[in-house]
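Colleague: I'm new to reading structures, so please walk me through this one.

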Amino acid sequence: MKKLCIGLLVLLAAACTGDATTTTVVAPTVQSATTSPPPTTAVMADTPQAIVSLSPTATEMLAAIGALPQVVAVDDQSDYPTNVPVTDLSGFTPNIEAIASYDPDLVVVSNDIDGMVGALESLDIPVLLLPAAVTFDDVYAQISQLGEATGRFDEAEALTAEMREAIDELTAGVEPPVEPLTYYHELDPGLFSVTSSTFIGSIYSLFGLQNIADAADPDGFGYPQLAEEYVISTDPDFIFLADTEFAGQSAESVAARPGWGEMSAVTGGRVVELDDDVASRWGPRVVDFVQAVAEALALQPVG
Amino acid sequence: MITTGSWSRALRPRSLGLGVLVLAAAALAGVALGPARLPIPEVMAALFDSLPGVDTHHSLTARQLDILFELRLPRVALGACVGATLAVCGAAYQGVFRNPLVDPYLLGVAAGAGLGATIAFATAAVAAVPVAAFVGASAAVVLTYAIGNRFGDRAPTSLVLAGVAVASFLTAAQTYVQQRNSGDLRVVYSWILGRLGAGWDDVRLVLPYVVVSAIVILLHRRLLDVLAVGDPEAQSLGVPVARVRLLVVMAATLGTAAAVAVSGLIGFVGIIVPHTVRLLAGPSYRSTLPLSILFGAAFMVATDLAARTLIAPAELPIGVVTAFFGAPFFLALLRRRG
Amino acid sequence: MTLAGDRLSVTLDGREILNAVSFETAPGEWLGIIGPNGAGKTTLLRALLGQVVSTGKLTFQARDLHTIGRRERAKLMASVPQRPLLPPAMTVADYVLLGRTPHISYLGKETYADLSATREAMVALELTDHLQRPLSSLSGGEQQRAILARAISQDAPLLLLDEPTTALDIGHQQSVLGLVDMLRRERDLTVVSSLHDLTLAAQYCDRLLLLDRGAVAASGLPTDVLQAESIARIYGAEVRLLTEDGKVAGVVPQRLVTSPAMETPTPPSVSAP
């Protein structure tokens, strides 16, 4: 399956590279959501013009490289930016016929549920599988892949450069603390967390933060469920909430939990409410995530 | 000569005493042990200190005291309530349906609660999850009864069949809602696997229901023994069988729905505990019901202790731990029968 | 003080199972209900027990059985079903004690009087050595006695038995019926039982009620009811009646004779007694 995708990518890349000079008629603007459609004469027949995205992260990436005009449909979970062509298509319970009814010339997915990739390929629909990133390099690589696949290679390069620069700036601007600071990242009120071996964990590692969930995950699975007593007794310096929208958690609700009220993160105002989507997708808004962490560190305890 | 002391159905004080002892031991262990590793002598001292009129010295910090009194103690209390309820309601269902493999989830309680909770999670009304689960559980049983009465007679088999139908339907509905709201999959799943503990609030919430439920069930213990000879014979002995069945099922559903609302779907307790109790003290419901309360409470407290210490500092969902006990239990049962 | 039915009818699923059945029993008598399979014997018993809806009049000891409550009825009649459900792990003592259920209030407990009555029933049926034994460990005969003991402990003046001799060997048949006979004499019970064995019916019953397809074909003393001609017509069986002291002592079925020349077996031509 992976070989097939790579093969597909190579084909797509080959189709595009020969025309790299003629596809960049529109001046690329990074993260532009309202790029005017490219003049039809300059568009090559080989660049996909009917893209279907079943991955909210891929949708954000496509929008950021200016490929939205080439996108005809996105899945029901894709909600950023706000002007994407949302449909009832589902990336979790894919209906192949429904996807095919949009007559796509490229389908971007983040997982291969129910043999979706194979089914689409049997209909001769090209598929690009961009699974959840594990490292930052994965993020940049996926943006590049999309750039090549949509004939917006330059925009993709510009975007990744911009992202790297922004992140470097943010990490450089934070003073390393005297003692390493600890954090707890909450995925849901059942105290599911992430370890530093995950992508999300690697973001915090940029700032040298230490994850209290690491001790709970000897197998390196990445997503342990923590015991309440443990979280309270280790008393992390920061609490990051990634369940503010779907589970309605907030600094107040955390403070109201029995036994949590006296934690130093609560009393010191270091319970950070993250945007659920920003904290769970690996697209261009990773920068926003890094920014949120950097801003939280500005509240770090003195000394 | 026959004396009243030779009647076997009476609850022997020995079994009762054993139950109390086991529960006390489990509760003590549940309070003393945990991932936060509080020093046990200090814990004991702090517990004694909290009794009115007793003043002992202990060296626990404010945070440790919080863990003890705001986390562990309510968790043990909730575990005892939930375990006692699931066990006694399971025994009650086994009595009215004359089937040892029946448990409170049979008539659709689990499926109804699951659907209610899933809808609450999907509409982001997270605070309403316990109410939604309770309503869902109760509505499912009402539906089962309505269908069983309308399309069948009021015999136990008809109700069981209706329950299976209702449960399947509601589970399908729940799966549908889950798939449509795939972002909530994990939180629903972890609710389903069961979790004890959001403090004293949950205990206060659930206590009135479990007390009422247990009392009504205990009051019917003699009649449950009479039901053992089957509906027609019980009727001919003057027992209003359909009414007894309805009252006991209502009480058992009330208790189970309340337990499920706060702790999710914890399985096997309603079967394992009553069976074990019967092995210990005989088949009469006059002993099975009260002993199920004690041993059910102890069992839940003990499994919760395992759930939060076995892979500490990570936590196992309690439904997984009870399932781990469940499979070998049924195997042992099979061996005994073979 | 009698059990009386006046034009009792039962309709189930649109079919008329019992049609205007009338009968009467004096107190202390044993009424046997006989008839071929499907004649309505069990349905009649169920009508007495209130387990099926019936029209017509049904009275016992001047009480209208159509209007009394369930518990009242249980205090008036004790029933021994054809296939009683014996909970395997229940002890004999607990099982016999169940017979006292109609005398205990809904949420009440057994009183000393209940324990006494149970004790007495177990003595009468010689079960005192088996008190604590689980029902599953009893022999067939002991189980029969336990079931009867439960019915006796119920202290009801009317005893209903549905085919009490089915699946019993000849010795157990005799002992069960003998026990019932002894108990009814000692306690002045009225007994109503359905029987398929005509000889036993003749030997033990004071009165017989012969049903044929839901209607009464004959009723009265065994001598009057058991006629070879009516048995041949209703049962389709050729029998010979044995009498002793003017009472029917046995109903003997004829052996059918077959010969190669005949298509169906025919009975020998023997004149009726």
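Modeller: Let's start with helix 5 of chain C: its buried residues pack against strand 6 (77-80), helix 3 (92-97), helix 4 (112-124), strand 7 (158-162) and helix 6 (170-187) of chain C. Bear in mind that this is a predicted model, where local features need pLDDT of at least 70 and side-chain atom pairs count only at pLDDT 80 or more, while totals for chains, interfaces and linings use all residues. Residues are numbered from 1 along each chain as its sequence is written, and chains are lettered from A and ligands numbered from 1 in the order in which they are written.

Colleague: Okay, some vocabulary please. What makes a residue buried or exposed?

Modeller: Buried means that 20 or more other C-beta atoms lie within 10 Å of the residue's own, exposed means 12 or fewer, and partly exposed is in between, with C-beta atoms placed from the backbone. Two residues are in contact if their C-beta atoms, placed the same way, lie within 7 Å. Helices (H or I, at least four residues) and strands (E, at least two) are DSSP runs, numbered from the N terminus.

Colleague: Which residues of helix 5 of chain C are buried?

Modeller: They are Gln144(C), Arg145(C), Ala146(C), Ile147(C), Leu148(C), Ala149(C), Arg150(C), Ala151(C), Ile152(C) and Ser153(C). That is 10 of the 14 residues, so helix 5 of chain C is largely enclosed by the rest of the structure.

Colleague: How far apart are its end C-alpha atoms?

Modeller: 20 Å, which agrees with the 20 Å that the 14 residues of helix 5 (residues 140-153) of chain C should span at 1.5 Å a residue. The expected span is 1.5 Å times one less than the number of residues. Right after helix 5 of chain C comes Asp155(C), whose phi is positive, near 60°.

Colleague: Switching topic: how many helices and strands does chain B have?

Modeller: Chain B has 14 helices and 0 strands. Its C-alpha trace spans about 70 × 65 × 40 Å along the principal axes, and 56% of its 338 residues count as buried.

Colleague: What radius of gyration does chain B have?

Modeller: 21 Å, which agrees with the value near 20 Å for a compact globule of 338 residues. The radius is taken over C-alpha atoms, and the globule rule is 2.2 Å times the number of residues to the power 0.38. Also, among contacts in chain B between residues at least 6 apart in sequence, 76% join residues at least 24 apart.

Colleague: What about helix 1 of chain B: which residues are buried there?

Modeller: Gly19(B), Leu23(B), Ala26(B), Ala27(B), Gly30(B) and Val31(B). They cover an arc of only 130° around the axis, which puts them on the same side of helix 1 of chain B; the arc is that of the directions from the helix axis to the C-beta atoms.

Colleague: Why do residues a few places apart point the same way?

Modeller: An α-helix has 3.6 residues a turn, so residues three or four places apart point the same way. The buried residues of helix 1 of chain B pack against helix 2 (40-50), helix 3 (62-97) and helix 13 (285-309) of chain B. On the other side, Pro13(B), Arg14(B), Gly17(B), Leu21(B) and Ala24(B) are exposed.

Colleague: Now the chains together. Which pair has the most contacts?

Modeller: Chains A and B, out of the 2 pairs of chains that touch. That contact takes 24 residues from chain A and 29 residues from chain B. Helix 9 (residues 228-234) of chain A gives the most to chain A's side, with 5 residues.

Colleague: And where do chains A and C stand?

Modeller: No contact joins chain A and chain C; their closest C-alpha atoms lie 42 Å apart.

Colleague: How many residues does the contact take from chain C and chain B?

Modeller: 25 residues from chain C and 22 residues from chain B. The largest share of chain C's side, 3 residues, comes from helix 2 of chain C. By class, that side of chain C has 14 nonpolar, 6 polar and 5 charged residues. Here Ala, Val, Leu, Ile, Met, Phe, Trp, Tyr, Cys and Pro count as nonpolar, Asp, Glu, Lys and Arg as charged, and the others, Gly among them, as polar.

Colleague: Last one: into which domains is chain A divided?

Modeller: Domain 1 (2-14 + 47-167) and domain 2 (176-297), with bounds that come from an automatic or database domain assignment. Their C-alpha centres lie 29 Å apart, and 16 residues of domain 1 of chain A are in contact with 11 residues of domain 2 of chain A.
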